[in-house]
Amino acid sequence: MKISQINIYPIKSLGGINLIDANVEVSGFQYDRNWMLVDQNGKFLTQRTLPEMALLQVALGKDHLLVYHSLKTSERIKIPIDELSGEKIKSNVWDDAVTTIHVSAEVDKWFSSQLNVNCHLVKMDLENKRYIENKYSFNNEHVSFADSMPFLLIGQSSLDDLNSKLKEPLPMTRFRPNIVFTGGQAFAEDDWKDIQIGQLRFRVTKPCARCVMTTINQETGTKGKEPLKTLAQYRNVGGKILFGQNLIALDKGKIAVGEEIKPY
């Protein structure tokens with residue numbers, strides 16, 4: 001079994017970036033979900049309520065993020081990666097209240113115009129960590145603005161199994177994984193506890209419960225019924241539709257596409 005994809009999503013709920021290799025940090029891959037959009041009250045925004053966020057794509061420059069509209073590519077803005085001078089404001093990710101760094105009024109104006117909603121772009125404040133739940137923690141790990149865990153893993157065989165049951169196959173982008181691997185049986189990852197990718201160790205913490213975001217076409221920003229309708233027929237456990245596994249990293253370092261993945 002080998003790694004076939006490594007993905008990061010620098011701005012929560014916007015387009016992802018496919019990488020050849022990535023630095024593994026405690027809170028997730030470097031730059032993964034280090035920024036997010038919040039409303040006027042500091043509440044995080046996602047495709048769940050604003051599916052058009054799918055149309056905003058992100059590219060990684062040497063010292064900046066380039067954000068552009070996939071259907072209007074002339075609409076674009078650069079965001080400095082290392083800028084930390086903004087005002088600190090209170091924001092919310094699910095039930096977590098976090099201190100964040102406001103990027104700029106100029107950036108707010110651009111995003112508000114693209115999404116037709118008043119919003120602010122904020123960045124993680126590394127001095128104020130967001131810790132994962134104790135029952136999943138190994139060494140007091142913290143997480144970025146991801147929903148709950150630093151990494152999400154899915155086997156290509158699991159998606160192939162799902163697609164064999166759908167009228168129209170769906171791409172892996174619907175599920176926004178950080179790590180995809182090839183080889184092994186469908187849903188082999190369900191039975192894993194500790195795994196190794198290259199030289200680095202990871203621990204599987206819990207299955208990923210899927211939501212309406214998986215029904216949003218990432219190329220058009222429109223909603224449908226699949227894959228939740230089909231997944232509910234055979235991946236419903238305790239009222240939750242499960243697809244993919246969440247991870248924490250037990251080591252820091254780098255992993256790359258093509259490296260072996262194995263449970264131990």
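This report describes a four-stranded sheet, the nonpolar cores and the aromatic contacts of one predicted model.

Residues are numbered from 1 along each chain as its sequence is written, and side-chain values use heavy atoms, with hydrogens and water left out. In this predicted model, local features need pLDDT of at least 70 and side-chain atom pairs count only at pLDDT 80 or more, whereas totals for chains, interfaces and linings use all residues.

**The sheet and its helix**

Four strands, in the order E5-E11-E10-E9, make up an open sheet with antiparallel pairing. Strands (E, at least two residues) and helices (H or I, at least four residues) are DSSP runs numbered from the N terminus, and two strands pair if DSSP finds at least two bridges between them. Strand E5 (35-38) and strand E9 (88-93) are the edge strands, each pairing on one side only. From one strand to the next, the twist averages 50°; axes are lines fitted to C-alpha atoms, for helices over the stretch in contact, and angles run from 0 to 180 degrees between N-to-C directions.

Helix H1 (residues 105-115) packs on this sheet and touches E5, E10 and E11, contact being heavy atoms within 4.5 Å. The direction of H1 makes about 125° with that of E11.

Strand E10 (residues 96-102) pairs with strand E11 (residues 120-124) in the antiparallel sense over three bridges, and with E9, also antiparallel, over six bridges. E9 and E10 form a hairpin with two residues between them. In the turn, Trp94 has a positive phi of about 50°. Five of the seven residues of E10 are buried, that is, under 20% relative accessible area, with exposed set at over 50% and partly exposed in between (1.4 Å probe, protein chains only). Three residue pairings across these strands are listed below.

| Residue in E10 | Residue opposite or bridge partner |
|---|---|
| Ile101 | Lys123 in E11 |
| Ile101 | Lys88 |
| His102 | Val122 in E11 |

**Nonpolar cores**

A nonpolar core is a set of buried Ala, Val, Leu, Ile, Met, Phe, Trp, Tyr and Cys residues joined through side-chain atoms within 4.5 Å. The largest has 43 residues, of which Ile11, Val67, Phe111 and Phe202 touch the most other members. H1 gives the most to this core, with four residues. Beyond four places in sequence, Phe202 touches residues including Val24, Phe151, Leu247 and Ile255. A second, separate core of 13 residues includes Ile154, Leu159, Met172 and Leu228.

Ile179 is found in strand E15 (residues 179-182) and is buried, with a relative accessible area of 0%. Its contacts beyond four places in sequence include Ile3, Phe29, Leu152, Ile154 and Ile255. Ile179 and Ile8 are 171 residues apart in sequence, yet 9.1 Å apart in space, C-alpha to C-alpha.

**Aromatic contacts**

The whole structure holds eight aromatic pairs. Rings of Phe, Tyr and Trp (its six-membered ring) pair if their centres lie within 6.5 Å; planes under 30 degrees apart count as stacked, over 60 as edge-to-face and the rest as tilted. Phe175, Phe187, Tyr234 and Phe243 form one aromatic cluster. Lys165 lies over the face of Tyr234, at 4.6 Å from the ring centre, and Arg235 lies over the face of Phe187, at 3.9 Å from the ring centre. A charge sits over a ring if NZ of Lys or CZ of Arg is within 6 Å of the ring centre and within 35 degrees of the ring normal.
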